[in-house]
Amino acid sequence: MTETDSIPTATAPAAGDVLVDISTTAGDIQVRLFGDTPRHRDNFLKLVKEGFYDGVLFHRVINEFMVQTGDPDSRNAAPGKSLGTGGPGYTIESEIVYPRHFHRKGALAAARQGDQVNPERRSSGSQFYIVTGKAYNESQLKQMEGQMKMMQQQDIFNRLAAERRSKIMELRRNNDQAGIQKLQEELIAITEKEAAANPVALTPEQRKAYSTIGGTPHLDGQYTVFGEVTKGLDVVDKIQQVPTGAADRPLEDVKILKITVVK
């Protein structure tokens with residue numbers, strides 16, 4: 001059995017990929033770090049070499065969604081302690097290689113702060129999650145495509161509005177409602193034209209993955225996916241099903257024992 005045979009519809013190995021073993025109290029997981037997200041790959045390997053992940057908890061676990069880890073503050077954390085804000089003291093420039101890398105089950109992606117405070121979608125320096133998600137039927141996938149189109153148009157409109165912020169502020173100061181209405185209509189027209197020139201739709205690979213093994217498609221294009229489970233997906237399933245308490249923290253600690261580079 002090859003590495004990709006063990007996980008249906010997995011991405012084919014490519015140059016620069018690196019395999020690592022994640023030993024946890026729930027079992028062993030092997031992941032492949034993608035060579036086309038080199039900043040995230042190299043940072044992960046640096047942290048592994050430093051032993052950064054040894055002893056950290058899976059501090060946020062949501063069944064049929066994902067399991068998250070990488071907060072250094074979780075190491076030896078007292079029961080009930082709020083976790084999820086720790087890191088190495090830096091963030092990483094996003095490497096969103098979409099749609100090649102998407103949130104299929106088993107995808108490894110970087111956590112980050114929300115768009116409101118992090119519009120560049122920079123990744124946490126250490127926290128990551130492994131996708132579990134669920135499978136979707138064709139009707140649900142079509143509905144998601146509709147949502148994707150709406151999100152695309154909203155992103156385009158927001159960008160156009162941000163580029164014209166000074167003009168908008170001037171119109172507001174002058175209480176020029178007619179001018180505001182005219183500008184809004186112009187932005188909507190530009191938005192629709194841009195969206196039509198770059199239509200969004202699920203790729204055949206996404207449809208296959210999301211209708212079989214499943215995933216979390218609503219996160220696509222929003223977070224950096226920089227790796228994928230190649231072995232031990234059953235261990236990830238085991239972790240996602242543990243009982244949790246406040247802030248989705250497992251009631252009994254599930255921790256990373258050690259991460260080692262395979263090749």
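## Isoleucine 239 and the nonpolar cores

Leaving aside neighbours within four places in sequence, isoleucine 239 is in contact with Thr24, Ala26, Ile29, Phe58, Val61, Val67 and Val254. These contacts, like every other feature in this report, are computed from a predicted model. Isoleucine 239 also has a place in the largest nonpolar core, which has 29 residues. Together with Phe44, Tyr53 and Phe128, Ile239 belongs to the residues with the most contacts inside that core. Helix α6, residues 233-240, gives the most to this core, contributing four residues.

Apart from this core lies another one, of 10 residues. Its members include Phe34, Phe65, Val131 and Leu219.

## The chain as a whole

The chain has 263 residues, of which 45% count as buried. It holds six helices and 10 strands. Along the principal axes, the C-alpha trace spans about 65 × 40 × 35 Å.

Contacts between parts of the chain that are distant in sequence can also be counted. Among the contacts with a separation of 6 or more, residues 24 or more positions apart account for 74%. One pair illustrates how sequence and space can diverge: lysine 231 and glutamine 30 are 201 residues apart in sequence, while their C-alpha atoms are 5.0 Å apart in space. Lysine 231 lies in strand β9 and counts as partly exposed, at 45% relative accessibility.

## Aromatic rings

A pair of aromatic rings is described by the distance of the centres and the angle of the planes. The structure holds seven aromatic pairs. In one of them, tyrosine 129 and tyrosine 223 meet edge-to-face, with 6.0 Å from centre to centre and 85° between the planes. Tyrosine 129 lies in strand β8 (residues 128-131) and tyrosine 223 in the loop between α5 and β9 (225-231), so this pair ties together parts that are 94 residues apart in sequence.

Is tyrosine 129 buried or exposed? With a relative accessible area of 4%, tyrosine 129 is buried, because the limit for a buried residue is under 20%. Its partner, tyrosine 223, has a charged neighbour: arginine 112 lies over the face of the tyrosine 223 ring, at 4.4 Å from the ring centre. Elsewhere, ring pairs link Phe44, Phe52, Tyr53, Phe128 and Phe226 into a cluster. Three members of this cluster, Phe44, Tyr53 and Phe128, were named above among the residues with the most contacts in the largest nonpolar core.

## Helix α4

Helix α4 runs over residues 177-197 and has 21 residues. From its first C-alpha to its last it reaches 30 Å, close to the 30 Å expected at 1.5 Å a residue.

Which residues of α4 are buried? They are Gly179, Leu183, Leu187, Thr191 and Ala195. Seen down the axis of α4, these buried residues fall within an arc of 130°, so they line one face of the helix. The face turned away from this buried side carries the exposed residues Ala178, Lys182, Lys193 and Ala196. What covers the buried residues of α4 includes α2 and α3 (165-173).

## Helix α5

Helix α5 comprises residues 204-211, and its residues Gln206, Ala209 and Tyr210 are buried. They cover an arc of only 90° around the axis, which puts them on the same side of α5. On the other side of α5, Pro204 and Lys208 are exposed.

Helix α2 (138-163) is included in what covers the buried residues of α5. Helix α2 is likewise included in what covers the buried residues of α4.

## Backbone features in two loops

A cis peptide bond joins tyrosine 98 and proline 99, with omega of about 15°. Proline 99 is found in the loop between β5 (91-92) and β6 (107-110).

Another loop, between α6 and β10 (256-261), contains alanine 247, and aspartate 248 lies in the loop between α6 and β10 as well. Although alanine 247 is not a glycine, it has a positive phi of about 60°. Aspartate 248, which is not a glycine either, has a positive phi of about 65°. Alanine 247 is exposed, with a relative accessible area of 56%, whereas aspartate 248 counts as partly exposed, at 28% relative accessibility.

Note on methods: Residues are numbered from 1 along each chain as its sequence is written. This is a predicted model: local features need pLDDT of at least 70, side-chain atom pairs count only at pLDDT 80 or more; totals for chains, interfaces and linings use all residues. Side-chain values use heavy atoms; hydrogens and water are left out. Buried means under 20% relative accessible area, exposed over 50%, partly exposed in between (1.4 Å probe, protein chains only). The arc is that of the directions from the helix axis to the C-beta atoms. Contact means heavy atoms within 4.5 Å. A nonpolar core is a set of buried Ala, Val, Leu, Ile, Met, Phe, Trp, Tyr and Cys residues joined through side-chain atoms within 4.5 Å. Rings of Phe, Tyr and Trp (its six-membered ring) pair if their centres lie within 6.5 Å; planes under 30 degrees apart count as stacked, over 60 as edge-to-face and the rest as tilted. A charge sits over a ring if NZ of Lys or CZ of Arg is within 6 Å of the ring centre and within 35 degrees of the ring normal. The expected span of a helix is 1.5 Å times one less than its number of residues.
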